[in-house]
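Colleague: Before accepting the labels attached to this model, I should like to hear the grounds for each of them. Please set every value against its criterion.

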Amino acid sequence: MSNKSHRPGTPSRHLATAALALLLAACADTPIQQAHAESPARTPEPTTPPPLATPVVQPPVAENQTFAQWKQEFRQRALAAGIDQTLFDRAFAGVEPNPGILRADSSQPEFTRPVWEYLDGALSSTRIARAQRLLQEHAATLAEIEQRYGVDRHILVAIWGLESNFGSNMGDNYVIRALATLAHQGRRPDFAHAQLLAALEILQRGDISPEGMLGSWAGAMGQTQFIPTTYNSYAVDFDGDRKRDIWNSSADALASAANYLRVSNWQSEQPWGAEVSLAGDFDYALADMSIRKPIAEWATLGVRNARGGPLQLADGGQAASLLLPAGYQGPAFLVLNNFRSILRYNNSTSYALAIGLLAERIQGKGEVVASWPTDDQPLARSERLELQERLKAVGFDPGGVDGIIGANTRQALRNFQIALGLPADGYPSKPLLEKLRSF
């Protein structure tokens, strides 16, 4: 990429301190940019029956409340919400808390894979080859789904591949037990309570038997890994057997994913985005998902296609955001509305990027032109916590010290980078942490 040769030198500590002081004085009354909140997708009339009742918010679990006591209270609430008592008792027969679920819920891994390693796994040659075979095998069904919902078949197969390895890895946890464990002692009991009630509604409608309701430790289910409330709102019976069976029917699973993307504002026959290249003097502070500009405007700012030619991504009036998943030294991508629709499915830019690139690789495209900065390993969780603590200590509020690099932390990083005369990409790197340690 053309921008890689324009890495500025490190200023002296004296100049950096002076710059920090000036910026702090200038910004003393300026709040850190708030996290960008996506507006909810406009949802059409439901294509499936509504839930039996509005989920009741779970009251706080009493301290030292046993699982048996919690289950009895939840049973009363479930029956009041319309769940049949025979069905409830069958679903909960023999259910006890699963310690492994609690360990998974409380686990916060110290190290995470860098985006390029994640993409290497997501875009493996084995996955691509299998996706291509399944595209042929399910061509007729995918064509019908594409026609009804307007969602590209390659995107759907990519989701199928990443969510459950095409249905071969859906999780082996009994969903009722997993969610009951989380509702009793998990970090988010209200969320688990709502999902558990929704799971019972699914069983009551007869789409799946209790024995067949298997999923992840967090309650995500089936070949497309829907949580129960998402299932109740968006799962569809596409194969016509009067069951919305995302576990055993690939047609139902793929169509359900398509329906969910459709109501998440998917735009038919439009791309998700594309790799681009940037001018050497590009303002990297513009690389933020909260900033949307027409493609034509990005072109005037020096954004070109991946090989340096004119942008030909889509209609120049379409709004796009610039994504730098590995900072200014890595590849750059302009992402459009459909990328945001994928984020509604899984709110991770690495995941959405993997879906877009896998959909293209299946078609023989999607190779990333620019090099990934493989020498720059991402920060460990302890280092992310330290980064936030040090940003706060020098006056750049990251919006909390939780180890999560969200919008406020990225804005704080940009302000710190601007103070030092560095590219303001908001990317949390080890060299940037070292600079913070010097103050």
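**Salt bridges and burial**

Modeller: Glu383 counts as buried, its relative accessibility being 16%. The criterion is a relative accessible area under 20% for buried, over 50% for exposed, and partly exposed in between, taken with a 1.4 Å probe on protein chains only. This is a predicted model, in which local features need pLDDT of at least 70 and side-chain atom pairs count only at pLDDT 80 or more, while totals for chains, interfaces and linings use all residues. Residues are numbered from 1 along each chain as its sequence is written, and side-chain values use heavy atoms, with hydrogens and water left out.

Colleague: Why is the pairing of Lys430 with Glu383 called a salt bridge?

Modeller: The term requires a side-chain nitrogen of Lys or Arg within 4 Å of a carboxyl oxygen of Asp or Glu. The closest N and O atoms of Lys430 and Glu383 are 2.8 Å apart, so the pair satisfies that limit. Lys430 lies in helix 18 (residues 430–437) and Glu383 in helix 16 (residues 381–393), and the pair therefore ties together parts that are 47 residues apart in sequence. Helices here are DSSP runs (H or I, at least four residues), numbered from the N terminus.

Colleague: What makes Lys430 buried or partly exposed?

Modeller: Lys430 has a relative accessibility of 32% and therefore counts as partly exposed.

Colleague: How do you know that Arg437 and Glu434 form a salt bridge, and how are the two placed in helix 18?

Modeller: Their closest N and O atoms are 2.4 Å apart, so the distance criterion is met. Because Arg437 and Glu434 are 3 residues apart in helix 18, about one helical turn separates them. Arg437, at 32% relative accessibility, is partly exposed, and Glu434, at 46%, is partly exposed. Both belong to a network of salt bridges that links Glu386, Arg390, Glu434 and Arg437. The structure holds 12 salt bridges.

Colleague: Why do Glu297 and Lys293 receive their accessibility labels?

Modeller: Glu297 has 34% relative accessibility and so counts as partly exposed, whereas Lys293, at 17%, counts as buried. Their side chains meet in a salt bridge of 3.2 Å, N to O.

Colleague: What makes Ala257 buried or exposed, and which residues is Ala257 in contact with?

Modeller: Ala257, in helix 12 (residues 250–263), is called buried because its relative accessibility is 1%. Apart from neighbours within four places in sequence, Ala257 is in contact (heavy atoms within 4.5 Å) with Leu156, Thr224, Phe226 and Tyr345. The C-alpha atoms of Ala257 and Phe226 are separated by 8.6 Å, and the two residues are 31 residues apart along the chain.
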